[in-house]
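Student: I would like to go through this entry term by term and ask, for each label, what earns it. Could we take the structure first and then argue from the definitions?

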Amino acid sequence: MLAECFEVIDLRFHALIFENVFIEKLWTGARWTEGPCYVPAGRYVLFSDIPNDRVLRFDELSGAVSLFADRCGFQNGRTMDRQGRIISCEHGGRRVSRIEHDGNIAELCAAFDGKKLNSPNDVVVKSDGSIWFTDPTYGIDSDYEGHAAKSEIGASYVYRIDPLDGKTTAVVMDFAKPNGLAFNGDESSLYISDTGLSHDPDGPHHIRAFDLSADGKSLQSKGEVFATCDAGVFDGFRFDRDGNIWASAGDGVHCYAPDGCLLGKILIPEAVSNVEFGGPKRNRLYICATQSLYSVYLRTNGANPTMSPDAS
Ligand code: MG
């Protein structure tokens, strides 16, 4: 019998889940969890507790959660680059930063066009080493998740940091609150969520899909709406190996087929902010949900961004 934590909307969802697998609540005690990032070499998951200005580490072997960093710039989303370095979005620092192999923190971007960024929210690295991130205002809207301040840019853009010269360019400028983002498997498209509903009852609560330009450095399409959230907003999301999107939502995790069809949901008792595939086989979905960290094993594997498609 199918566990109650799964809601099947399209029969294709059955091929992605196990009927006898349940949600595991791994830890609770945060104010707002975000930014899950799996580190395969250490078999741990880093995740943010933004209002408490700390980063926590879930050890996959022992099950223990410990402090990884605190007073570290109210970090939100993070990812790992191809060299295994952690790249983080800092609300408080209003910048994107990277932990170097020697432990030093490198600032990758803090301004655009001579103006301070708002509060970088989520980040992804393309195979060419370019870093793409969103910059809504959640970290400067109040003192709860950062430091209250006025937006110097006056809008919320999506940016690309060039891997060669470090120059930052705006690649999308027509979002209300750009939030989570991810490339599809062959990096032909970039998907970006807009959580503008948080500030406007008529605001967007969808994911848009953009085609990349031939040189892979900019976006050439207008960004069709791929899916609209029927329970709150999509914050962060990840692709699996087959091109399905696993997206956070108010009632759990929503799974969409590449054609935009909602296949099913993983129901979680707290609003979900972000997800990450982990485990040695990348078949364990880690779920940051409000105060807690959950996980569930799936019958699919994450599209592993640190490996070539042939090796995953
Ligand atoms: Mg986010």
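The dialogue below goes through a metal site, the sheets, a core and one arginine.

Tutor: Before we begin, please keep in mind that this is a predicted model.

Student: What makes N121, N179 and D235 the protein donors of the magnesium ion?

Tutor: A donor is an N, O or S atom within 2.8 Å of the metal. The atoms concerned are OD1 of N121, OD1 of N179 and OD of D235, and they lie 2.1 to 2.2 Å from the magnesium ion, so they qualify under that cut-off. Water is not among the atoms, so the site may look incomplete.

Student: How are these donor residues spaced in sequence, and where do N179 and D235 sit?

Tutor: The spacing reads N-x57-N-x55-D. N179 belongs to strand β17 (residues 178-183), whereas D235 is in the loop between β20 (224-228) and β21 (237-239), so that this pair, 56 residues apart, links distant parts of the chain. N179 and D235 are both buried.

Student: Why are β9 and β10 called a pair?

Tutor: Two strands pair if at least two bridges are found between them. Strand β9 (residues 95-99) and β10 have four bridges in the antiparallel sense, and therefore they meet the criterion. One of the bridge partnerships is that of R98 with A106 in β10.

Student: What makes β7 and β10 edge strands?

Tutor: The open sheet of four strands has the order β7-β8-β9-β10, with antiparallel pairing. Within this sheet, β7 (75-80) and β10 (105-109) each pair on one side only, and that is what the term edge refers to. Neighbouring strands here are turned by 30° against each other on average, direction ignored.

Student: Which strands make up the open sheet of five strands, and which of them are its edges?

Tutor: The order is β1-β24-β23-β22-β21, again with antiparallel pairing. Its edge strands are β1 (6-8) and β21, each of which pairs on one side only, and the twist from one strand to the next averages 20°. Three bridges join β1 to strand β24 (residues 262-267), so this pair also satisfies the requirement of at least two. E7 stands opposite K265 in β24.

Student: How many residues lie between β15 and β16 in their hairpin, and what is said of G166?

Tutor: Six residues lie between the two strands, and G166 in the turn has a positive phi of about 70°. Strand β15 (residues 158-161) and strand β16 (residues 168-172) run antiparallel and are joined by four bridges, with I161 having T168 as its bridge partner in β16.

Student: Which residues have the most contacts inside the largest nonpolar core?

Tutor: They are W246, I266, L285 and I287, in a core of 23 residues. At least two core residues come from each of β23 (252-256), β24, β25 (272-278), β26 (284-289) and β27 (292-297). Leaving out residues up to four places away in sequence, I287 touches a list of residues including V253, I268, V272, L293 and V296.

Student: Why is R85 called buried or exposed?

Tutor: Buried means under 20% relative accessible area. R85 has 17%, so it is classed as buried. R85 is found in the loop between β7 and β8 (86-90). Apart from neighbours within four places in sequence, R85 is in contact with T79, M80, R98, I99, E100 and H101.

Student: How do you know that R85 makes a polar contact with Q83?

Tutor: The limit for a pair of N or O atoms is 3.5 Å. The contact between the side chains of R85 and Q83 is at 3.0 Å, and therefore the distance condition is met.

Methods
Residues numbered from 1 in each chain as written. Predicted model: local features only at pLDDT ≥ 70, side-chain atom pairs only at ≥ 80, totals over all residues. Heavy atoms only, no water. Donors = N, O, S within 2.8 Å, 3.2 Å for Na, K, Ca; no water. Buried < 20%, exposed > 50% of the residue type's maximum accessible area, 1.4 Å probe, protein only. Axes fitted to C-alpha atoms, helices over the stretch in contact; angles between N-to-C directions. Core = buried A, V, L, I, M, F, W, Y, C linked by side-chain atoms within 4.5 Å. Contact = heavy atoms within 4.5 Å. Polar contact = N/O pair within 3.5 Å; in protein donor to acceptor, adjacent residues only side chain to side chain.
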